[in-house]
Amino acid sequence: MLALQQASAFLVLFLAAFLPPPQCAQDPAMVHYIYQRFRVLEQGLEKCTQETRAYIQDFREFSKNISAMLGRCQTHTSEYKSAVDNLAMRVERAQREIDYLEYLRAADVCIESEDKMLAEKLVQDAEEEKKIQTLLNASCDNMLMGIKSLKIVKKTMDTDGSWMKDAISNSPKVYFLIGSRNNTVWEFANMRALMEDSTKPGPRKLILTHSWQGTGQVIYKGFLFFHNQGTLNEIIKYSLQKRTVEDQMLLPGGAGRALVYQHSPSTYIDLAVDEHGLWAIHAGPGIYGHLVLTKIEPDTLGVEHSWDTPCKSQDAEAAFLLCGVLYVVYSSGGHGPHRITCVYDPRGTISEEDLPNLFFPRRPRSHSMIHYNAREKQLYAWNDGNQIIYKLQTKRKQPIK
């Protein structure tokens, strides 16, 4: 308002500068003109003042409304924030309840799963036991009680080797395999021909298409089974009659990665034959690991079953099977005494309490091989170039309770 008054005064002074000289001041027309101009100006200023007042009033009303609206917004914001916080708390509580319900459900599922797994394991164990009983259900119930006597059949200059007869055949032929890596088999007509070099006719020489590795060979049903030299775990089935490879297999379970016996430094897989058929023995993983026993179907070379035994390869020198039971021969440092200190029975019919102290006659070195002949019920062994037969003392097993 003060600004308008100042503007009016300035306008009056400005117009006064154009007034005519005094002599003309009494001119009525001029006075009337000036009066009219002032009147128009005052009306304009008045209108401007009124509009300014109206604008100020409107602005005050607008400010008042905005203030009221901001207050309501703050109130609503506080209410919304409180509602959102309350909703968040309810969602969090609901989530905790859902998590708890999920935990209870998972616990029930785990219990049901464990019960189901336990039931399945019991069924599998029962089936496994039934399979083992069927697999080893031969008319053989003997267990080893002692080594009765020793007979040296022949002496050679070869430290390592193996010799044997066909484990189930009535043939008197004796097979002689010299060394731990070779492909020549000597076939003698009988035991006398082996013992007496001058006996005629001489031995028949069989040259194999593959060389063997170690001293774990066996002859079973007219076939020579041996670990193929240069391979990790390949078993060859060789027909002695046809002189050809009949079949071959890869022995599973990590076979051939370590020596099967600590004191037999060339044998990685040891094959064996007893009343139940063909077996393979090899060391499990690790240095001087536990021995693994595998039952092999000789016609198809399929694996029938495998067992992890408690017998270690450390300080072992040889092993054999008799009536489905594994007997492992140990010696200290590769020298005597040679004794059986670990026995494993897959059927559980023999316990440690049933066993006497099983010692072999003292020999200066460890055995290169010991194999059981199921038909003759005696052991064929090779020790420091000597071909030995051990007579055995057995007794009937205790019935399974």
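**Close-up 1. Two cavities of 30 Å³ or more are found in the structure.** The model shown here and in the other views is a predicted one. The largest cavity holds about 120 Å³ of space, and 13 residues line this cavity, of which Met164, Lys165, Val218, His371 and Tyr372 are the closest to its centre. Two or more residues of this lining come from each of four elements, namely strand S2 (161-164), strand S6 (218-220), strand S10 (270-274) and strand S18 (367-373). Among these strands, S18 gives the most, with three residues. When the lining of the largest cavity is sorted by residue class, ten residues are nonpolar, two are polar and one is charged.

**Close-up 2. The second largest cavity has a volume of about 40 Å³.** The residues that line this second cavity are Thr215, Tyr261, Ser264, Thr267, Asp270, Glu317, Ala318, Ser368, Met369 and Ile370. At least two of the lining residues are supplied by strand S14 (316-322), and at least two by S18. With three residues, S18 makes the largest share of the lining of the second largest cavity, just as S18 gives the most to the lining of the largest cavity. By class, the lining of the second largest cavity is made up of four nonpolar, four polar and two charged residues.

**Close-up 3. A disulfide joins cysteine 140 to cysteine 323.** A disulfide is a covalent bond between the sulfur atoms of two cysteines. The structure has two disulfides by the distance rule used here, and in the one shown in this view the S to S distance is 1.5 Å in the predicted model. Cysteine 140 sits in the loop between H2 and strand S1 (142-155), whereas cysteine 323 sits in the loop between S14 and strand S15 (325-332), so the pair ties together parts that are 183 residues apart in sequence. The torsion about the S-S bond of cysteine 140 and cysteine 323 is about -75°, and the disulfide is therefore left-handed.

**Close-up 4. Seven residues, Tyr55, Ile56, Phe59, Phe62, Ile66, Met69 and Leu70, make a nonpolar patch on the surface.** The area of this patch is about 710 Å². One of its members, phenylalanine 62, lies in helix H2, which covers residues 28-135. Helix H2 also borders the loop that holds cysteine 140, the residue seen in the previous view as a partner of cysteine 323.

How values were computed. Residues numbered from 1 in each chain as written. Predicted model: local features only at pLDDT ≥ 70, side-chain atom pairs only at ≥ 80, totals over all residues. Heavy atoms only, no water. Patch = residues over 30% accessible without salt bridge, like charges linked within 9 Å, V, L, I, M, F, W, Y side chains within 5 Å. Areas by Shrake-Rupley, 256 points an atom, 1.4 Å probe, with all protein chains shown as cover. Salt bridge = Lys/Arg side-chain N within 4 Å of Asp/Glu carboxyl O. 1 Å grid on protein atoms, 1.4 Å probe; cavity = no way out; pocket = protein on both sides within 12 Å on 5 of 7 lines; lining within 4 Å. Points joined across faces, edges and corners; volume = space filled by probe spheres on them. Nonpolar A, V, L, I, M, F, W, Y, C, P; charged D, E, K, R; others polar. Disulfide = S-S within 2.5 Å.
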